[in-house]
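Student: Please take me through this structure one point at a time. I am new to it.

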Amino acid sequence: MQFHHHGYVSTDPRIRPAAGIGLDRPEDLPDEMDVLIVGTGPAGMIAAAQLSMFPEVHTRIIERRPHRLQVGQADGIQARSVETFQAFGFAEELSCEAYHITEMAFWKPDTEHPEHIARAAQPVDDPQDVSEFPHLIVNQARILDHFGAFMERSPSRMRPDYGIEFLDLTVEDSGEHPVAVRVRHTSGPREGEERVIRAKYVLGADGARSRVRASIGRSLDGDQANHAWGVMDVLARTDFPDIRLKCAIQSHSGGSILLIPREGGHLFRMYVDLGEVTPERKARIRETTVEEIAQKANAILHPYTLQVRNVAWHSVYEVGHRLTDKFDDVDDGASGSHTPRVFIAGDACHTHSAKAGQGMNVSMQDGFNLGWKLGHVLSGRSPEDLLRTYSAERQVIAQNLIDFDREWSTMMAKRPEDFSDPSELEDFYVKTAEFPAGFMTQYEPSMVIGTDEHQGLAEGFPVGKRFKSSRVVRVCDTNPLHLGHQAEADGRWRIYAFADRPAAGQPSALTDWAQWMAESPDSPVVRCTPEGEDVDALVDVKVVYQQRHTEFEVTDAPRIFLPEVGPFRLLQYEKVFAVLDDEDIFEARGISREGAVVVVRPDQYVAQVLPLTDTSGLAEFFAQNTLDARMRERA
């Protein structure tokens, strides 16, 4: 994290100087704004947090509740989400209070005493080592708190507007703020008052019963699995030995439990199989009490017992897999003539079971995906066409999730004798580890994703997938660190230049590339940086050399990697890296010794891989998704 370059800072450096709307942010919800976000769940809050880094964009987020969420239903945090939290600056803090999943136990009927359950397997949680980040369990409300703190510390000084309920909206054909939104105050001195506010864009992150979705004529389509589960967060006494391990438990009677330990050392969650939901049982199943759920859990756990002492939360639900056909308000036939004005994210456009631990995680990636795109369009960095890529990218991912969850939830509901192989459930868990961890997402070519023509130059950074970090040495201070962890959720593109064989300071393909980046009018740095702003304000360019850090000086690097920043024009030394003695990133990520350029989007996905010599390809890529800052200034 960079600070002091505008002068000495003695207070919390995470509190960035107010700018733009943050200098005079209206206390109450105004009549007009750039972006209105409906709902303070995971999708809405991460989108708001990303947009808070664009102080020239006036964003508001409303919530019908009069206060913050106090008890969240979601709790599973996959490694991809923790990776995302790293960019927002709170991964380490959240990890300290969370429960860490390192192994998962599978319990089945004992072969000698089938009326008893017995531990059958205990595989590690990440057998493929897909991430350096952990798999966590923590209350959803705490995650929202961290995003809220990020927003308050941002230049925009954003915070949610609680006690305001969305009613409906209409999109008009003209006007600077074409979306008219009808809202009602649900608390405070204006309680009951209805009013119309206007926005340029609206994001509906308002849950499975989304009114925003209904307002744009979208519907959730899919099926119910006709299988019910009781879920409870409890404090209990038990002699079950794996009460502090994540467990999949299958009993001889056919009932199943998914056990999720919670943070704090005592609380845990149980998803308890309540069986098939026939038409006759449908009305009754929703009325299942927590006592009945506990009784069913005891039957499944036999010979172990469970005495519930305190219930933090409980519910009953049926597994449902539903999806909307588009995540915005533009139909396929009109996609070439209209720009989306209204978007939906999270449960508003995809629902599934809770047992795969994906709902909150995928929802946050929806909001992250859209947040930077809205920020770029509204700040004049990108054309409006960029907004079309949101639905195209995220709808496919949601469908993949539903397909996975359907298979996993079906397996969880099966009786032990119905499996063709006794180890089928745990084998599926191990085999598919990368998907629920959040790392199977791969976006197709578009204006923000290039082709894989030059993938062979950096095989470990697949185009369209998230940038998988690796350790390097920062030359200026000799600190070994993860390259990907240096990227903040600040809305900037990242370009990583991996040097060819010549050492730093010697003529090479890298030095030619660096000179082009610094001087050519076609360079994305020259094109995209407004007059008077730091050279890395929109595009953050870093270099990794093949040599050890002791073999050259940081000042040997070309000046594009040592930019002048801040009012005192200080040199930024922290963009030059070298390989570690025991971990060569070129080998670890399959990077060509002839060098490579890896372009990464603001939401951490690899957008393009190119040779150092293909400057025209780099220029063409950015020309299709960014606007020329010099043209904007002339206009």
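Tutor: Helices (H or I, at least four residues) and strands (E, at least two) are DSSP runs, numbered from the N terminus. This is a predicted model, in which local features need pLDDT of at least 70 and side-chain atom pairs count only at pLDDT 80 or more, while totals for chains, interfaces and linings use all residues. Residues are numbered from 1 along each chain as its sequence is written, and side-chain values use heavy atoms, with hydrogens and water left out.

Student: In which loop is R157, with its positive phi, found?

Tutor: R157 is not a glycine, yet its phi is positive, near 55 degrees. Its place in the chain is the loop between α4 (140-153) and β8 (161-162).

Student: Which residue is joined to H302 by a cis peptide bond?

Tutor: The bond has an omega of about 20 degrees. The partner lies in the loop between α7 (290-301) and β16 (306-323). That partner is P303.

Student: Why do β3 and β4 each have one side without a neighbour in the sheet?

Tutor: Strands pair if DSSP finds at least two bridges between them. The sheet is open, has 3 strands with antiparallel pairing, and follows the order β3-β7-β4. β3 (76-77) and β4 (99-101) are therefore at the edges, each with a single partner strand.

Student: In β7, which residue stands opposite I77?

Tutor: β3 runs antiparallel to β7 (residues 135-137), and 2 bridges join them. Opposite I77 in β7 is L136.

Student: What area is buried between domain 1 and domain 3?

Tutor: An automatic or database assignment sets the bounds, giving domain 1 as 20-89 + 138-221 + 322-412 and domain 3 as 455-631. Contact (heavy atoms within 4.5 Å) involves 21 residues of domain 1 and 19 residues of domain 3. Buried area is the accessible area (1.4 Å probe) that two parts lose on being put together, summed over both. Carbon and sulfur atoms give 51% of this one, which is about 1,700 Å².

Student: Which residue forms a salt bridge with R466?

Tutor: A salt bridge needs a side-chain nitrogen of Lys or Arg within 4 Å of a carboxyl oxygen of Asp or Glu. Between domain 1 and domain 3 there are 2 salt bridges. Among the elements on the side of domain 1 that touches domain 3, α2 (79-88) and α8 (359-378) each supply at least two residues. In the bridge formed by R466, the closest N and O atoms are 3.2 Å apart, and the partner is E83.

Student: How many residues apart are R119 and D242?

Tutor: Their side chains form a salt bridge, with N to O at 2.9 Å, and the whole structure has 57 salt bridges. R119 belongs to strand β6 (residues 117-121), whereas D242 is in the loop between β12 (221-238) and β13 (246-250). The pair thus links distant parts of the chain, and the number of residues apart is 123.
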